[in-house]
Amino acid sequence: MTCDHKPVWVNEIAVTACPDCGRIDWLSTSGPVDPAEAVAALFGSYDLLGPIDALGAPSPWVLAYAPPTPRRRRNLDALPKRVWLKAGPHLWLAHDGGILLLATTQSLMFENLTRGA
């Protein structure tokens, strides 16, 4: 099977998300973007709803986030629905079209994602 990774631009970030191989690449006009920076740029304004049960998730910790406005929900459109994608080291994401789920295998990352909430 050969995956066809076509970038979808969301503001300054190009996202290539493949449900077949389960990975995401983050790019800009100048090349690769750090996954943490890309996730922050696309979803940093989302509101933390809280932790949820990690049933079926690739990690023990899952956090749910909601977009602050309908316009920001469109950032999710660059990603396939209902599939866990490896967004970066120790970080996976999924969504259902309205709620973003972030999963991590590191307790420190989980604490950082919930800081200030």
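Which residue in β9 does W92 stand opposite? Let's start there, hi everyone. W92 stands opposite A103 in β9. Before I go on, please keep in mind that this is a predicted model.

So, strand β8. This strand runs over residues 91–95 and is mostly covered, with five of its five residues buried. Which residues cover which side? On one side we have L91, L93 and H95, on the other W92 and A94, and all of them are buried. In other words, both faces of β8 are covered.

Now the neighbours. On one side of the story is β9, residues 100–104, which pairs with β8 in the antiparallel sense over five bridges. The hairpin of β8 and β9 has four residues between the strands, and G97 takes a positive phi there, near 105 degrees.

The other partner is β7. How many bridges join β7 to β8? Three, and these two strands also run antiparallel. If you want to find the register on your screens, take L85, whose bridge partner in β8 is L93. Then take K86, whose bridge partner in β8 is W92. The hairpin of β7 and β8 has two residues between the strands, and here H90 has a positive phi near 65 degrees.

Let me stay with K86 for a moment. K86 lies in strand β7. Buried or exposed, or something in between? K86 is partly exposed, because its relative accessible area is 35%, and the band for that label runs between 20% and 50%. What does K86 do with W92, apart from the bridge? K86 lies over the face of W92, at 4.4 Å from the ring centre. So W92 comes up three times in this talk: W92 is opposite A103 in β9, is the bridge partner of K86, and has K86 over its ring face. One more distance for K86: its C-alpha atom and that of V15 are separated by 12 Å, and the two residues are 71 apart along the chain.

Next, aromatic rings. As general background, a pair of aromatic rings is described by the distance of the centres and the angle of the planes. How many aromatic pairs does the model have by this rule? The count comes to one. The pair is F43 and Y46, with ring centres 5.3 Å apart and planes at 80 degrees, so it is edge-to-face; the cut-off for that label is over 60 degrees. F43 is buried, at a relative accessible area of 5%, and Y46 is buried, at 5% as well.

On to backbone angles. Most residues other than glycine have a negative phi. What is the phi of N11, then? N11 sits near 55 degrees, a positive value, and N11 is not a glycine. You'll find N11 in the loop between β1 (8–10) and β2 (13–18). N11 counts as exposed, because its relative accessibility is 57%. R82 is another one to look at, with a positive phi of about 60 degrees although R82 is not a glycine. Where is R82? In the loop between α2 (70–73) and β7 (85–88). R82 is exposed too, with a relative accessible area of 64%.

While we're on loops, have a look at T29. T29 is in the loop between β3 (23–28) and β4 (31–32), and T29 counts as exposed at 77% relative accessibility. The C-alpha atoms of T29 and I13 are separated by 8.1 Å, with their positions 16 residues apart along the chain.

Last topic, the largest pocket. How much space lies in it? About 260 Å³. The elements that give two or more residues to its lining are α1 (35–43) and α3 (107–114). Which element gives the largest share? That would be α1, with five residues. Altogether the lining of the largest pocket has 14 residues, and A36, V39, A40, L91 and L113 lie nearest the centre. You've met L91 already, as one of the buried residues of β8. By class, the lining has 12 nonpolar residues, two polar ones and no charged ones.

That's my tour. If you remember one spot, make it W92, buried in β8 with K86 lying over its face. Thanks, everyone.

Note on methods
Residues numbered from 1 in each chain as written. Predicted model: local features only at pLDDT ≥ 70, side-chain atom pairs only at ≥ 80, totals over all residues. Heavy atoms only, no water. Phe/Tyr/Trp six-rings, centres within 6.5 Å; stacked < 30°, edge-to-face > 60°. Buried < 20%, exposed > 50% of the residue type's maximum accessible area, 1.4 Å probe, protein only. Lys NZ or Arg CZ within 6 Å of the ring centre and 35° of its normal. 1 Å grid on protein atoms, 1.4 Å probe; cavity = no way out; pocket = protein on both sides within 12 Å on 5 of 7 lines; lining within 4 Å. Points joined across faces, edges and corners; volume = space filled by probe spheres on them. Nonpolar A, V, L, I, M, F, W, Y, C, P; charged D, E, K, R; others polar. Pairing = 2+ DSSP bridges.
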